[in-house]
Amino acid sequence: MKQRFIKALRIAAAGIGTVAIPIISHAQIPSHPISVSPWVSPMQDEIERAMSLELPGMPRPHYIIATLIEQQEALVEASLGAVLQQHQDRSRVLKVEVRVGDRSFDNSNFLGGSPQAIVVWPAPLDDDPLCLRRLLWLAADRSYIGATESYEAKRAHREAMTIEQDRIDDFSASAAVRFRGSSAPVVPPLDRLSALATAASSVFSNHPKVYQSRVRMAVRSQARTLLDSENRVIEDSASLVEIEIVAQTQARDGMELSDRHAFASIHFDEIPTEETMVRWARELMVRLETMREAAIVQPYSGPVLFEGRASSRLFRTLLAEELSATPSPEPTEGQDTLGALATRKGFRILPVTFDVVDDPTVDRIAGLPAIGHYLFDDQGVRAQPVHVVKEGILDMLLSSRTPSKTVAISNGHGRAGWLGDARGRAANVWIRARDGLSRASLRNALLEAARKEGLDYGIIVAGFEESSGIEGTSFSLGRRDSQWPPSAEAYRLYRGGKLEPIRGLTIQGLRPRDLRRIVAAGADANVYSYRASANAVRAFNDSVGEIPTTIIAPSVLFPDVDVVGMAPPYPLVPAAAP
Amino acid sequence: MAVDDPSNCRPNRCRIATATRFGSWFSCFIALGCSAAPVTSPQNPQATLALPEAAKTLSLGRRQVAVAASPTPLLERLASEVQQFGTVFSSREDTPVYHLAYEVNDTSKVDILASYGAILSHTHTRRRLLDVDLRVGSYELDNTHPLIDSAYYQGNAAIAWDDDAHESLHNTLWWETNQAYKKACKELIEVRAQRQIDVASDDQSSDYSEEAPLVHLEAPVALTVDRADWEQRVRSLSALFRGHEHIHQGFVRFELTTTNRSYVSMGGHRVQTGTTHARVSFGASGISDDGDELTRSDEIDAHDVSGLPNDEHLRFRVQHIIEDMEGLAKAPKAEPYVGPALVDGKAAAVLFHEVFGHRVEGHRQKGQIEGQTFIDQVGQPIMNSVFDVYDDPTVSSVNGIDLNGFYRVDSEGVRARRAQLIEKGVFVGFLMSRMPIRGMAHSNGHGRREPGYRAIARQANLIVDPSRVTSREALERALIDEVKRQRKPFGLRIGEVTGGYTTTQRGDPQAFVVEPVMVYRVYPDGRQELVRGITLEGTPLSLLSHVLAAGNDFAVFNGFCGAESGEVPASAISPSLLLRQIEVSRQPVSGQRPPLLPAPQIARSSGRKP
């Protein structure tokens with residue numbers, strides 16, 4: 001496994017020229033002998049039995065996959081040195097999907113059918129194989145009925161549509177694999193998380209200009225048992241740490257301002273020290289207080305430099321969410337589907353200096369934690385690094401077992417979350433630019449571009465407002481992510497190097513095709529981790545999903561971006577506290 | 001994914017049910033618990049039955065509540081803060097605040113769910129949530145005026161668990177009060193403008209009543225329970241469902257909730273209450289061969305975990321459900337029917353809750369879009385002259401059964417008291433919160449809400465209390481007599497119900513629905529036959545006029561009632577009732593098939609390959 005990955009890295013490195021340091025690190029890949037957990041036998045038996053499900057005159061199952069996930073999680077939320085809520089939980093969930101028909105045509109990837117083709121039910125916490133068998137028996141039955149309804153609806157839909165001559169199959173072949181990884185790590189004690197959260201939250205004490213602040217820490221550990229009707233058996237684990245420090249205030253004119261510091265890792269031993277958390281909170285507070293005093297942005301058309309976290313956030317929207325090879329489900333007329341780049345394979349989407357690799361097999365890129373790590377995807381297909389963009393050309397898309405015209409087989413990116421169907425989705429997207437510039441050079445490039453446009457200054461966007469990335473918390477800061485949320489941190493850069501903070505900035509109109517117009521990129525690497533939605537169609541509340549994803553990107557300079565300010569009226573400033 | 005959601009809180013659709021959620025794919029509502037005299041219907045003078053009197057078995061318990069010697073640190077802190085913020089906001093020159101109250105509900109809950117002999121979930125949660133009630137304007141006209149016709153959810157905020165976290169608490173109160181103030185000012189402008197536009201309402205009563213500040217200090221409660229023991233108990237109980245062909249899912253759930261409530265107002269209210277609610281609930285579901293979803297459930301509520309019965313009794317209750325499920329699987333489907341019926345106590349309690357209780361909630365008499373069924377009925381006979389109906393939150397138990405609707409102080413800081421609604425068949429009054437209505441200027445302690453909502457008048461313990469009752473046997477004989485008199489092939493006996501709902505707004509039918517589970521045809525020869533698949537429907541005034549007689553077997557329905565101000569615990573108590581006429585219709589059919597393959601353990605026992 002490791003050897004194969006190094007080969008992939010060399011390919012990637014060859015594409016972009018110089019790679020200065022070994023910047024990708026591997027997660028531990030255990031090689032335990034295959035043994036059988038208590039769940040495997042009952043799950044295998046029930047899957048085998050469910051393959052005989054049949055309604056008279058209706059298609060039979062051609063494929064069944066069942067996944068049992070045991071999860072432990074803990075969550076703490078604190079404000080001004082006090083715990084507001086803490087929670088620890090253990091749960092098990094069984095997910096069952098029956099596909100009926102055959103590989104060339106089955107019930108999948110169809111929106112107009114029954115939602116019950118995928119059944120997700122809570123499973124017993126007790127190690128009771130009979131109870132699990134019963135649950136799987138009922139879930140498979142329900143799923144089969146749902147799949148049959150979807151199959152017939154899809155068939156009727158197809159009957160009414162023009163038939164494509166080169167129609168592709170609905171499900172690709174994939175070699176069966178048996179794998180047993182490490183067991184799930186133990187979740188850190190709540191007391192430890194609470195102590196860290198309260199200490200960091202105390203930073204905001206005696207700072208009345210920061211109206212509201214929260215520190216949230218969420219940790220989770222999952223053990224997965226995945227079996228299917230093709231004799232695939234995967235037993236592995238996953239873990240996730242998420243930390244979020246959020247704060248909110250209003251400028252004197254009432255404009256609402258919020259910002260956050262976010263950290264995520266898959267290793268519990270990377271939970272930061274109290275000192276680090278306190279430092280993060282202080283930096284956030286200083287940023288927010290600076291932005292509170294900042295001038296309102298004026299309408300602007302010209303070069304914009306996206307620095308730091310703003311850049312990687314930008315690539316989430318413009319690139320990572322558009323890389324799916326999985327065809328949009330039918331029918332999606334009028335709906336905003338993902339995968340805008342699916343038809344761009346072989347075309348330039350970035351400048352020639354850019355390379356992009358999506359690699360789920362690593363847990364660290366450029367020294368930064370990457371949470372999109374896994375060894376087998378949600379369809380039990382071995383994860384592969386995919387060289388998505390070579391010298392600016394879109395070379396490969398991210399695929400699941402649902403074939404497309406451009407990608408016939410899965411490359412281990414079938415990701416589903418708990419409720420969704422497996423689609424090609426990003427994991428750890430690493431965007432690199434050959435001959436990247438230093439920060440100073442990049443800023444000079446911004447000034448030069450502004451000068452050519454006859455502008456006195458250029459704009460730097462260093463952060464966007466984000467709504468909370470952690471569910472189950474009590475207080476929502478920031479606006480729901482529209483495609484381009486307002487800036488959390490932005491500046492005017494004048495000749496001579498003077499930086500002037502500005503607030504209320506919203507960018508307009510950037511699309512994936514604008515990536516080609518990037519004129520300069522940094523040598524830096526900036527991390528943005530989030531949980532992507534499992535939805536195949538964009539929805540209003542997609543900002544917090546289930547699929548851990550990381551973007552690592554350099555700062556980038558766009559030659560012309562339209563910028564506007566958030567228009568008044570703004571909410572009244574609260575009365576001073578007694 | 002199949003997810004059932006039993007919530008049903010549309011403003012005009014009020015529902016009572018036991019709201020027992022058994023996991024994400026199965027949820028059910030449960031009814032609990034389970035007779036006459038010569039009576040005369042005022043609207044149907046001919047409806048007189050001469051039945052032998054029996055002794056009434058209605059014993060009301062009033063629980064002593066432990067009194068605290070002093071306020072908790074949190075209450076003291078909140079009292080100090082509400083005075084400070086009250087001073088700041090009431091002295092605003094533009095739009096002063098005239099009422100400000102803070103309520104904190106500190107809730108801890110243990111919830112253990114077992115299915116088919118295995119634990120499905122086991123959680124222990126704590127929440128400490130702040131509600132801010134802030135009003136601008138005046139008692140006569142304030143920002144809540146549109147509430148008469150509009151939404152009531154306002155949200156709440158988490159606050160620090162530590163009583164010494166003064167800065168955190170102060171910051172949260174400051175922020176939430178500011179947010180509430182801004183919202184209230186905006187609402188008041190809209191209210192005043194709307195008053196200029198709209199035709200004046202018939203009801204010119206104030207928006208809020210002045211009530212004397214109350215100081216009431218109960219001792220805080222703590223959540224203490226042997227969780228491992230209960231885990232084992234529910235696991236064992238749920239295993240009883242194993243091996244029964246028609247029971248696809250069988251659940252047992254244990255819930256223990258403690259709530260320490262602190263309520264203060266700038267007017268001087270200082271209230272702290274401590275309540276404990278324990279519940280064991282059972283549920284089973286399956287699908288009949290003809291596609292009917294079969295569900296049967298039961299629950300036991302108590303004011304303390306020590307009030308729950310022993311395992312022997314709990315096993316008996318589970319076995320009862322199993323027998324009912326097996327009976328339902330074999331039972332024929334019922335057809336639409338109009339005719340006489342004997343409604344068992346719990347079903348009758350739900351019937352009164354839906355038919356009558358929701359329609360006498362004070363605020364419904366004020367809303368222009370409400371049906372106002374009883375607004376002009378005060379002083380008028382509306383049912384049989386032997387009936388008294390009242391709602392009394394201060395009753396803690398009936399015949400030894402703890403009541404969910406028991407409390408001492410309502411959500412608006414008003415001491416709970418009995419509200420007489422029907423006296424000798426004559427309608428006499430409404431359930432009142434601090435929203436006055438024409439002719440009733442003050443609260444009678446029924447302002448209730450779920451945290452996060454604004455309080456309105458709600459039912460607590462609705463008690464149907466006829467002055468003359470008869471034995472169950474005499475009531476059953478009277479049913480058969482009525483069947484024969486009406487020349488019907490059979491009458492109906494409505495046994496267990498899952499719950500019910502009603503619509504109260506104009507434009508909607510002024511109707512109610514009760515969802516029975518155990519329904520029996522009662523033939524003239526006395527034979528009873530279980531049937532399934534029907535819904536009991538009707539209109540309120542008509543149904544009340546059809547009540548002929550009451551039994552002496554008072555039963556309790558303990559549940560949770562959902563309406564505009566959220567889900568609140570409630571009880572209804574009634575004897576069995578004989579009705580001259582009810583109407584039932586077919587229930588919707590799920591359309592689901594029974595599982596195509598045999599259950600794993602059934603296959604094993606029958607020698608088929610599992």
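**Confidence**

I looked first at residues 602-610 of chain B, where pLDDT, the predictor's confidence in each residue from 0 to 100, stays under 50. The model has 10 contacts beyond four places in sequence for residues 602-610 of chain B; two residues are in contact if their C-beta atoms, placed from the backbone, lie within 7 Å. This is a predicted model, in which local features need pLDDT of at least 70 and side-chain atom pairs count only at pLDDT 80 or more, while totals for chains, interfaces and linings use all residues. Residues are numbered from 1 along each chain as its sequence is written, and chains are lettered from A and ligands numbered from 1 in the order in which they are written.

I noted that pLDDT also stays under 50 over residues 18-46 of chain B, a stretch with 135 contacts beyond four places in sequence. Chain B as a whole averages a pLDDT of 87, with 89% of the residues scoring at least 70.

For chain A, I recorded a mean pLDDT of 88, with 87% of its residues at 70 or more. Over residues 472-481 of chain A the pLDDT is below 50, and this stretch has 34 contacts beyond near neighbours in sequence. Residues 1-35 of chain A likewise stay under 50, with 43 contacts beyond four places in sequence. The model scores ipTM 0.86 and pTM 0.89.

**Domains of chain B**

I consulted the domain assignment (bounds come from an automatic or database assignment). It gives domain 1 as 13-63 + 335-586 and domain 2 as 73-330. The centres of domain 1 and domain 2 of chain B, taken over C-alpha atoms, are separated by 24 Å. In the contact list, 44 residues of domain 1 of chain B meet 49 residues of domain 2 of chain B.

**Core and helices**

I then examined the largest nonpolar core, a set of buried Ala, Val, Leu, Ile, Met, Phe, Trp, Tyr and Cys residues joined through C-beta atoms within 7 Å. A residue is buried if 20 or more other C-beta atoms lie within 10 Å of its own, exposed if 12 or fewer, and partly exposed in between, with C-beta atoms placed from the backbone. Of the 315 residues in this core, A:Leu136, A:Ala140, A:Ala281 and B:Phe352 touch the most other members. Helix α3 (residues 129-159) of chain A gives the most to this core, with 12 residues. Helices (H or I, at least four residues) and strands (E, at least two) are DSSP runs, numbered from the N terminus. Leaving aside residues up to four places away in sequence, A:Ala140 touches residues including A:Glu46, A:Leu53 and A:Val98.

In helix α4 of chain A, I found A:Leu193, A:Leu196, A:Ala197, A:Thr198, A:Ala200 and A:Ser201 to be the buried residues. Elements of chain A against which they pack include β2 (61-79), β7 (212-228) and α5 (274-292).

**Strands**

I traced an open sheet of 6 strands in chain A, in the order β16-β15-β12-β19-β26-β25, with mixed pairing; two strands pair if DSSP finds at least two bridges between them. Its edge strands are β16 (393-394) and β25 (526-532) of chain A, each pairing on one side only. Strands β12 (residues 354-358) and β15 (residues 386-390) of chain A are antiparallel over 3 bridges, and A:Val356 has A:Val389 as its bridge partner in β15(A).

I also checked the hairpin of β13(A) and β14(A), which has 2 residues between the strands; here A:Ala366 takes a positive phi near 55 degrees. A:Ile365 stands opposite A:Leu368 in β14(A).
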